[in-house]
Amino acid sequence: MPELPEVETVRKGLAKQLLGGAIENIDLRREGLRFPFPQELKERLEGSVIVSIDRRAKYLLIRMDSGFVWLVHLGMTGKFTLYHPNEKPSEFAKHDHVIVSMKDGTVATYNDPRRFGYMDLIKPDEEWTNRHLARLGCEPLSDDFDTANLCDKLKGKKNPIKIALLDQRIVAGLGNIYVCEILHRAGVSPRRLSSSIAGKNGKSTKMAKKIVDETKQVLREAIEAGGSTISDFATVDGDLGYFSHSFTVYGRDGEDCSKTNCVGIVSKIVQGGRSTFFCSKCQR
Ligand SMILES: [Zn+2]
């Protein structure tokens, strides 16, 4: 499943090819994905010029010169493929649900076998009230995400830190794999109560600082590596990323802990319906 670094990789790839280009045609080959396509999606986007492609959490925000914003979430298996003007395929694949043809002949296809992805059309100036974006916490790589901010969000919370970090209102865009990696690197148990990390009265703690620092570090490394590929996720250029080799704890239950000086074994538990991988020796 694409996580924040993968979405960032897709964003960069799309921006490289599509920025400044005009959309000639959008072919919606079904009624919708996880949700129905917005009614005006096609007519509002056709003829518009793409002025920027941004990312908020795991959402792609494709901004038009008209002020409309095309929001795309890749779900579990969503993937863009780009075809240069002279490479346009004669027929499209089974799960190519949306075909975007640019005026210059470039074609972008959105393929999504499991159809957990979704798209929305945001009217000019309505981004901050959009149902997908309005309640998101701060971006983990922004300066807003710091120890004070995290502790403020965690204070008094009686859920495990693993669950709290997956809560998009606390910090936006972290998924299961990276939260496991972050907590392992930070040496914090996924079962630890969130409130204990915030300290008394929401005061900053060393553990909170470690979590914040490792969050930024892990995401930066992953973005640098071009995103990971757990299943069949490919970047827009069709190249597979390679960060998955570097997961130190995710998917490694039964293996020795990778930390030097730790003799622990990675275990797997289920929290909130999701698998958590951690080392009970060095994560406290
Ligand atoms: Zn360990």
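This passage walks through a four-stranded sheet, a pair of crossing helices and a well-covered helix in a predicted model.

We may start with the sheet. Four strands form an open arrangement in the order β2-β3-β4-β8, and their pairing is antiparallel. Its edges are β2 (50-56) and β8 (118-122), each of which pairs on one side only. On average, neighbouring strands are turned by 20 degrees against each other, with direction ignored. Helix α1, spanning residues 4-18, packs on this sheet and touches both β2 and β3 (59-64). The direction of α1 makes about 175 degrees with that of β2. At the other side of the strand order, β4 (residues 69-73) and β8 run antiparallel and are joined by 5 bridges. Within this pairing, Leu71 has Asp120 in β8 as its bridge partner.

Attention now turns to the helices. Helix α3, residues 147-154, packs against helix α7, residues 206-224, at an angle of about 115 degrees, and the two axes lie 9 Å apart. The crossing of α3 and α7 is right-handed. On the α3 side, the contact is made by Thr147, Leu150 and Cys151, which meet Ala208, Lys209, Ile211 and Val212 of α7. Sorted by class, the residues of this contact are 5 nonpolar, 1 polar and 1 charged. As for the spacing of such positions, residues three or four places apart in an α-helix point the same way, because there are 3.6 residues a turn.

Helix α3 also holds Lys153, and this lysine deserves a closer look. Lys153 counts as buried because 21 other C-beta atoms lie within 10 Å, the threshold being 20 or more. Once neighbours within four places in sequence are left aside, Lys153 is in contact with Gly137 and Ile170. Glu139 lies 14 residues from Lys153 in sequence, and their C-alpha atoms are 14 Å apart in space.

Helix α5, formed by residues 176-186, is mostly covered, with 10 of its 11 residues buried. The buried set runs through Ile177, Tyr178, Val179, Cys180, Glu181, Ile182, Leu183, His184, Arg185 and Ala186. Among the elements that cover these residues are α4 (161-166), α7 and β10 (274-279). Helix α7 thus appears twice in this account, as it packs with α3 and helps to cover α5. Just after α5 comes Gly187, with a positive phi near 70 degrees.

Terms used. Residues are numbered from 1 along each chain as its sequence is written. This is a predicted model: local features need pLDDT of at least 70, side-chain atom pairs count only at pLDDT 80 or more; totals for chains, interfaces and linings use all residues. Axes are lines fitted to C-alpha atoms, for helices over the stretch in contact, and angles run from 0 to 180 degrees between N-to-C directions. Helices (H or I, at least four residues) and strands (E, at least two) are DSSP runs, numbered from the N terminus. A crossing is left-handed if the near helix is turned anticlockwise from the far one by less than a right angle, and right-handed if clockwise. Two residues are in contact if their C-beta atoms, placed from the backbone, lie within 7 Å. Ala, Val, Leu, Ile, Met, Phe, Trp, Tyr, Cys and Pro count as nonpolar, Asp, Glu, Lys and Arg as charged, and the others, Gly among them, as polar. A residue is buried if 20 or more other C-beta atoms lie within 10 Å of its own, exposed if 12 or fewer, and partly exposed in between; C-beta atoms are placed from the backbone. Two strands pair if DSSP finds at least two bridges between them.
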